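I opened this notebook to record a set of look-ups in one structure. The entries follow the order in which I made them.

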Amino acid sequence: MNKTEFKMPKMGESITEGTIINWLVQEGESFEEGDILVEVATDKVDNEVPAPAAGKMIAHKVKAKDVVPVGDIIAVLELSEEASKKTLGKVVERTPKKLENASKKPSASKITASSKSFKVNENLFISPLVDSIARKNHISYEELARITGTGQDGRLRKSDVTNYLKEGRPFQFAQVVSEDNGFKIPDLKFDKGTGKIIEMDRMREMIADHMVYSSHTSPHVTAYVEADMTEMVNWRNLNKVSFQKKYNEKLTFTPLFIEAVANAIKEYPMINSSLDGKNIIVKEEINIGMATALPSGNLIVPVVKNADKKNLQELATATNELVGKARDGKLKGDDTKGSTFTISNVGTFDSLMGTPIINQPEAAILATGIIKKRAEVIEKPEGDTIEIRSMMYLSLSFDHRIVDGYLAGSFLKQIAVNLENFDTSRT
């Protein structure tokens, strides 16, 4: 036997560090070749690092939840003489198919297929790898929450999900057990009718899962205001042709909306936050997502990064580029990551207003309705008058766990003020 330093393996070209999820072999324990020694998480996937040969775990140099750079020593092993150092630290990204041939030990989720109820894991943490397995097998977040996690702190592990799949997904249509009053959701048999069957594509499935997850996670409340857009509409109509000639960019309302929202966020930064357990993370960057319709009818949310630091020309360039890439199917991963607040322009579809669902893990989402001319009473020192004005409804859906009505109402009103007080003297 020989002692060998066990180092954090390289897990991808762009990966420089990993987080220790769990040690599966404890100090003093023996292991066989191929046994998983440690689980490591990155921002892309969860990985299992197997033993290159039989041996014994001498010491852990890092503990669970530590973030460790690639190449740093994480443990000391005592390996058999025939162990090949070339294989030390090899990373395994197991797929569901491979895991089906792994250990047959049942997980804590095992129940009979005839079971009718389940208990929800309210503190569910979904790792990237578990999420990937769930999507491949069309398992929603709601169904994942029904599986008992056997990892540390009730964490849902890959083996929990794959064993659940081998058991035939017994919780797929089970009913919720309420520990308060024993109420159970009735097993209603709806007549769904007959007609043409259209199978959901992968993007539609992801949207459906994300929306259900958001509505179950965040207590949604929606506030409404209306804004007089007359001055902004007149200014845009007057300048859109010259703007396009000068910058070779179309001047839509989207960059104008983003500008108003970004300025309002600077006044009320708590809107630009997300919830992490019992901690509220107030984001330093203001990255605005734009809900964009694709030719297929699905929606995607490209992101304008650092929107508060861009002028109108830069915002117009960024929004036009992202919308074009979305419609041509050329968006890259970075184009849809990192949003801190989202805008959904339902007015594009001639909708008067909307009640959007929050784009997790954000705290709020804004919907802008159609800009419509209406007769409005205008108060003036010399008396009230009735004028034709271009009006628009704004609606803000917010997560009431971290955003109260006063903050949401103040922020929403500030957006309206920014729109109404648009500087028409700008060139």
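The entries below cover the cores, one helix, a surface patch and some backbone features.

**Entry 1: status of the model.** I note at the outset that this is a predicted model.

**Entry 2: nonpolar cores.** I asked which residues touch the most other members of the largest nonpolar core. They are Phe 341 and Leu 419, in a core of 47 residues. I then looked up the element that gives the most to this core and found helix α7, residues 253–267, with nine residues. Apart from this core lies another, of 20 residues. I listed some of its members, among them Trp 23, Val 40, Val 49 and Leu 77. For context, I recall that nonpolar side chains tend to be buried together in soluble globular proteins.

**Entry 3: helix α4.** Which residues of helix α4 are buried? For this helix, residues 158–166, I recorded Lys 158, Asp 160, Val 161, Thr 162, Asn 163 and Tyr 164. I also checked the backbone just after α4, where Gly 168 takes a positive phi of about 90°.

**Entry 4: a nonpolar surface patch.** I found a nonpolar patch of about 270 Å² on the surface, made by Tyr 224, Leu 352 and Met 353. I placed Tyr 224 in strand β11, which covers residues 220–228. Is Tyr 224 exposed or only partly exposed? Its relative accessible area is 42%, so I entered Tyr 224 as partly exposed; the exposed class requires over 50%.

**Entry 5: positive phi outside glycine.** I looked up two residues here. Lys 65 is not a glycine, yet its phi is positive, at about 80°. I located Lys 65 in the loop between β6 (55–60) and β7 (67–69). With a relative accessible area of 62%, Lys 65 is exposed.

Asn 248 is likewise not a glycine and has a positive phi, of about 55°. Where is Asn 248 found? I traced Asn 248 to the loop between α6 (230–247) and α7. Its relative accessibility is 63%, and therefore I counted Asn 248 as exposed.

**Entry 6: a cis peptide bond.** Which residues does the cis peptide bond join? I recorded Gln 360 and Pro 361, with omega at about 5°. Pro 361 belongs to the loop between β18 (341–344) and β19 (364–368).

Methods: Residues numbered from 1 in each chain as written. Predicted model: local features only at pLDDT ≥ 70, side-chain atom pairs only at ≥ 80, totals over all residues. Heavy atoms only, no water. Patch = residues over 30% accessible without salt bridge, like charges linked within 9 Å, V, L, I, M, F, W, Y side chains within 5 Å. Areas by Shrake-Rupley, 256 points an atom, 1.4 Å probe, with all protein chains shown as cover. Salt bridge = Lys/Arg side-chain N within 4 Å of Asp/Glu carboxyl O. Helix = DSSP H or I, 4+ residues; strand = E, 2+ residues; numbered from the N terminus. Buried < 20%, exposed > 50% of the residue type's maximum accessible area, 1.4 Å probe, protein only. Core = buried A, V, L, I, M, F, W, Y, C linked by side-chain atoms within 4.5 Å.
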